[in-house]
Structure formats: C-alpha cells, structure tokens
Amino acid sequence: MTHGLIVAVVSITLWAAFVPISRAAQLGPYVGGPYGTTDRDSAIAPFDDFFLNDFFPDVGLTPTPGGHTSSLDTTDNGFAGLIGYRITAHFAIEGMFLDLGEMTYRATTEATLSGEPFTAETKVVGEMSGIGLYALGILPLSYRWELYARGGVQFTTPRLDGRINNLIIDFGRDSATDFVAGAGVAMSMLEIYGVRLEYMRVFDGGEQGTAEGDSDFVSLRLIVAF
C-alpha cells in the first residue's frame, strides 16, 4: 500500500506538470477545514511485550501465565485546519495543523504482588498531532473537477499516556519529522468554494516505541478561496 501511494503521488504530480489546462480553481490564497476518520498502523504485540516482560517485572508484579487479555483500538476521528496558496493551475502550497485522534490499548492482567493476587487494569492512550508543510500537484479535469497529489513533511508531536489501576505511567514526550503523501479529488462550487475527498498517510508517525506506525487519514474538506 505504501509503495502504491508513493507511485500515485509521483504520477499525478508529473502528469499535472505537462497536461494542458482544462479548468482551474481560483488562484491565490485559501483556507480549509478537513474532518474525517483515522487509522493507526500499530500492533498490539509491542504493548503486550512492554508490560509483561519489562514494566510489570520492574515494579514487582509477576504475571500469571494465561492471565493476560488485551485489545487495541486504532481508529478514531481526526481534524485539521489548513491555509494554502494556489500559485498556478497545477501547483499549490499548503500549511496544515493536523490532529490524528487517539488509539487506545486496554489490558487486564492477573498477577501476584509480594506473593498476593493482584489484578492490573491497564489503559494507554496515544495521541498524535503536528504541523505540516506540503506541495500539491494538481490535474484539472473539467470546469469543476480536478485530481491532486500531496507530498511534504509533518513535524509531529506524539503523546502517550498510561494508567495501571491508580498508578499513572509517564512515557514522556517525543517529537519527529515524518514524510506525508496523499491523493484526492476536488470539486469547485460558486467560484470560491470547493469540496475535497482525500486519502493521506503520515509515514512512521510517532517514533515512540510501542506507538510507532503509519497513520491514515480519510477526510472530507471544505475549501474557501479569497
């Protein structure tokens, strides 16, 4: 999927650079408000391994064999705010604040603490947001419709917060610079308004151990030009 997305971004950008103009949206500045669904490509195994083999033994908990159950919810809602500038019919630049929502890990672990039975209820919430800079290659198709591809970088701030029963786990804070690619279709209305449907991926977002993974964002975006 990653390889296919990169090929699509490059293909649309190159295509847009050489085809004649069918119709272009208004040039100049614009703002937008994307909203959609997110999915984090994170696995449950690193979380289980961290707690069962590292954290619990370090605090004196001995997990009972077969007494651990867990789940990982990687989907949520995401939103963004963007400002852009349409330089030519085929090229635009954008800056965007992007919030990719949360993923939640939950586990129940039967264990012993100082020889006594103990049940550990674990919850870890991972959030990710950041500010990105992007270039858009655009292919006008008709009076109202166009295709576009996005490429750029996002300066990401992942946050990972955890709790076991009443004990708060401090994972600290991290930051990363992640590559972003995407592609979408846009429709213009009444000259200054537009609607976009876009798929975007933040590659290896987070870089914070158990929370690391690609993040997908499928969104509907309202655009208003000045």
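Over which residues does pLDDT stay under 50? In this predicted model, that stretch is residues 1-22, for which the model has 34 contacts beyond four places in sequence. Where pLDDT is low, the predicted coordinates should not be read in detail. Across the chain, pLDDT averages 86, and 85% of the residues score at least 70. The lowest and highest elements are listed below.

| Element | Residues | Mean pLDDT |
|---|---|---|
| Helix 1 (lowest) | 2-18 | 46 |
| Strand 3 (highest) | 75-88 | 96 |

**Overall layout**

The chain holds 2 helices and 10 strands. Their order from the N terminus is α-β-α-β-β-β-β-β-β-β-β-β. The chain has 226 residues, and 44% of them count as buried. About 11,000 Å² is exposed, with carbon and sulfur atoms supplying 63% of this area. Of the contacts between residues at least 6 apart in sequence, 71% join residues at least 24 apart.

**Nonpolar cores**

The largest nonpolar core has 19 residues, and those touching the most other members are Tyr30, Met96, Leu98, Leu100, Leu136 and Met200. Two or more residues of this core come from each of strand 3, strand 4 (91-113), strand 5 (116-140), strand 8 (176-189), strand 9 (193-205) and strand 10 (213-225). Another core, of 14 residues, lies apart from it and includes Met103, Tyr105, Val124 and Leu160. In soluble globular proteins, nonpolar side chains tend to be buried together.

**Helix 2**

Helix 2 has 14 residues and spans 19 Å from its first C-alpha to its last, close to the expected 20 Å. Helix 2 nevertheless bends by about 35 degrees at Phe51. Its buried residues are Phe47, Asp48, Phe51, Phe55 and Phe56. An α-helix has 3.6 residues a turn, so residues three or four places apart point the same way. The buried residues of helix 2 pack against strand 2 (61-73), strand 4, strand 5, strand 6 (145-164) and strand 7 (167-173). After helix 2 comes Gly60, with a positive phi near 90 degrees.

**Phe51**

Why does Phe51 count as buried? Phe51 has a relative accessible area of 1%, and the cut-off for buried is under 20%. Leaving aside residues up to four places away in sequence, Phe51 touches Phe56, Pro57, Tyr105, Thr122, Val124, Ile164, Ile169 and Phe171. Among these contacts, Tyr105 and Val124 are also members of the 14-residue core. Phe51 and Leu61 are 10 residues apart in sequence, and their C-alpha atoms are 10.0 Å apart in space.

Note on methods:
Residues numbered from 1 in each chain as written. Predicted model: local features only at pLDDT ≥ 70, side-chain atom pairs only at ≥ 80, totals over all residues. Heavy atoms only, no water. Helix = DSSP H or I, 4+ residues; strand = E, 2+ residues; numbered from the N terminus. Buried < 20%, exposed > 50% of the residue type's maximum accessible area, 1.4 Å probe, protein only. Contact = heavy atoms within 4.5 Å. Areas by Shrake-Rupley, 256 points an atom, 1.4 Å probe, with all protein chains shown as cover. pLDDT = per-residue confidence, 0-100. Core = buried A, V, L, I, M, F, W, Y, C linked by side-chain atoms within 4.5 Å. Expected span 1.5 Å × (residues − 1). Bend = angle between axes of the 7 residues up to and from the residue.
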